[in-house]
Amino acid sequence: MNARKRILLALLVFVLAGCGGSIRVIPTPTPTLTVPTLTFTPPSTPTATATVTRAASPAATSAATAVRAITATPTRTLTVIPPPARINLKDVGQSVLRQSSHQFEIEIVSPKEDAIFLTGVWVREPNSILVRLQQQDIQAVEIAGRRWGAMKQDEWWPASLDDIKIDISPGVDPAKAKEFLPINHYLTMRLANDMISKATKLLNGLFEDQVASLSSASAVVDGVPSFEYTWRDQASDATWRIYLATSNNLLVKIVQMKGNTLIATYRFSHYNDPANVIRTPTSHLPDKLNIADARMALNGLASFQWSLSRAGKLGAQSMDMSVKGTYVQTTRAWQTFYWKNAEMRGAADLKFLGMDIRYWFDSGSGKQWSPISEQLQSAVV
Amino acid sequence: MMEPFSEWRLDGIRNVAQDGILTAQKSRNINGAWCDEYVFKSDWKNKEGLAITATIRLFVVPSTVLPMRMEVMYAGADGSTVRSVMELSNLNDPANVVVPP
């Protein structure tokens with residue numbers, strides 16, 4: 001067992017055993033409010049560095065570029081890491097789905113009978129999607145399982161049975177309620193459900209377990225400097241080109257060809273953009289608010305601060321604690337300060353910081369920020 | 001709880017009613033925004049078998065349904081209670097900066 005494995009194992013043992021260590025993590029509030037305090041020790045050798053992954057300009061970058069440094073400021077050095085020679089589309093998909101939201105375009109041009117042009121917005125929380133069928137001016141929306149559809153943008157109809165209010169004669173199966181709908185509503189519901197299913201299937205189909213190789217480190221697609229990866233299916237003569245932005249490695253575009261014929265283009269943009277809010281198309285009843293719509297509204301903020309104060313006992317356990325935090329959606333970054341009292345009294349007992357998939361903590365004992373390993377992340381989040 | 005949304009999405013509170021009921025219109029000014037008040041309810045038992053009722057009061061900006069404040073009162077069947085208050089501030093403030101260490 002190497003040193004790194006030994007450290008991780010020791011950390012996990014501390015977390016699971018809830019004993020020892022110099023740093024105490026306040027547990028996530030749970031329904032039972034009885035989770036014991038998690039405890040762990042920091043890595044013996046902090047691995048946080050000032051290194052930032054950043055791509056060079058496309059003109060200056062090539063597949064053979066070695067690691068080199070760019071002096072960004074007199075006091076900070078950014079290190080350029082060349083793109084990996086191979087990527088797995090599954091990882092690309094996970095990276096896309098970790099973001100809070102994005103916009104997409106799906107344009108299938110061949111064969112002609114399958115031609116379709118869909119645009120839309122995807123939101124991670126609450127799990128939602130907006131799809132527009134451009135040729136027909138039809139829209140479909142799903143927000144946390146509730147669906148609506150509209151033709152010509154002038155009349156929205158619920159497309160999930162739960163939202164359909166219809167008088168059904170006694171003895172009729174409610175699942176057959178759609179048979180009693182007005183024809184326009186019925187057609188819109190069918191179209192909305194088909195569009196959402198189609199878009200979801202096409203998007204998910206892009207991110208299967210498939211390896212692609214770097215074919216250019218200096219591509220520019222739709223004005224975005226990108227790394228180009230390619231994989232070819234010899235049997236069907238299909239070629240896929242995948243473009244990842246050099247600035248953040250996020251997916252920009254996928255082009256599917258068969259021989260010299262363009263089959264489909266998929267575009268991804270506006271990651272974590274506060275404009276990517278999907279609102280419930282039909283107005284609320286004035287006296288009701290769906291909890292998913294309130295959560296969705298948070299996506300409309302570029303950044304915010306929040307505070308939480310909790311006091312009292314549940315059963316015999318004291319639940320006193322308080323938190324102050326900052327969230328920046330565009331970079332998916334957040335920072336929290338924790339107190340073990342309800343009044344934010346004294347210096348914070350713990351600090352956490354997260355950026356995308358990287359987390360750090362600071363026990364407030366004068367030590368440096370320490371990175372939290374993926375294993376510990378899953379244990380304490 | 002490490003990241004900011006676990007509380008807002010009511011992680012940890014079971015069986016939250018999907019629809020909250022409006023109980024007061026523009027009843028409270030929170031950091032400059034007049035908010036409507038909605039109440040959600042939830043009942044469950046914890047691991048120790050203690051029955052808990054959570055009453056969630058959500059204060060939202062009427063035009064955007066942005067949740068500016070959330071008050072949760074947990075009441076155990078044994079009479080114990082916990083009160084939690086969460087609030088948003090400094091919306092879209094350029095000073096909201098988080099940089100990696």
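Buried area here is the accessible area (1.4 Å probe) that two parts lose on being put together, summed over both. By that yardstick, chain A and chain B bury about 5,000 Å² between them, with carbon and sulfur atoms giving 65% of it. Keep in mind that this is a predicted model, where local features need pLDDT of at least 70, side-chain atom pairs count only at pLDDT 80 or more, and totals for chains, interfaces and linings use all residues. Residues are numbered from 1 along each chain as its sequence is written, chains are lettered from A in the order in which they are written, and side-chain values use heavy atoms, leaving out hydrogens and water.

**The A–B interface**

- Chain A puts 57 residues into the contact (heavy atoms within 4.5 Å), and chain B puts in 55 residues.
- The rule finds zero salt bridges across the interface (side-chain nitrogen of Lys or Arg within 4 Å of a carboxyl oxygen of Asp or Glu).
- There are 14 residue pairs in polar contact across it, both at pLDDT 80 or more; a polar contact is a pair of N or O atoms within 3.5 Å, where within protein one must be able to donate a hydrogen and the other to accept it, and residues adjacent in sequence count only if both atoms are side-chain atoms.
- On the chain A side, elements that each supply at least two residues include α4 (291-298), β18 (303-314) and β20 (321-328); helices (H or I, at least four residues) and strands (E, at least two) are DSSP runs, numbered from the N terminus.
- β18(A) gives the largest share of that side, at 12 residues.

**Where strands meet across the chains**

- β18(A) runs antiparallel to β5 (residues 81-89) of chain B, and eight bridges join the two; strands pair if DSSP finds at least two bridges between them.
- Within β5(B), B:Val82 is the bridge partner of A:Gly312.
- B:Ser89 also sits in β5 of chain B, and touches A:Phe304, A:Gln305 and B:Asn31, leaving aside residues up to four places away in sequence.
- The side chain of B:Ser89 makes a polar contact with that of B:Asn90, at 3.0 Å.

**The chain A sheet**

- Chain A has an open sheet of 12 strands with antiparallel pairing, in the order β5-β12-β13-β14-β15-β16-β6-β7-β8-β9-β10-β11.
- β5 (86-88) and β11 (155-158) of chain A stand at the edges with a single partner strand each, so one side of each has no neighbour in the sheet.
- β6 (residues 101-108) and β7 (residues 116-123) of chain A pair over eight bridges, with A:Gly120 as the bridge partner of A:Phe104.
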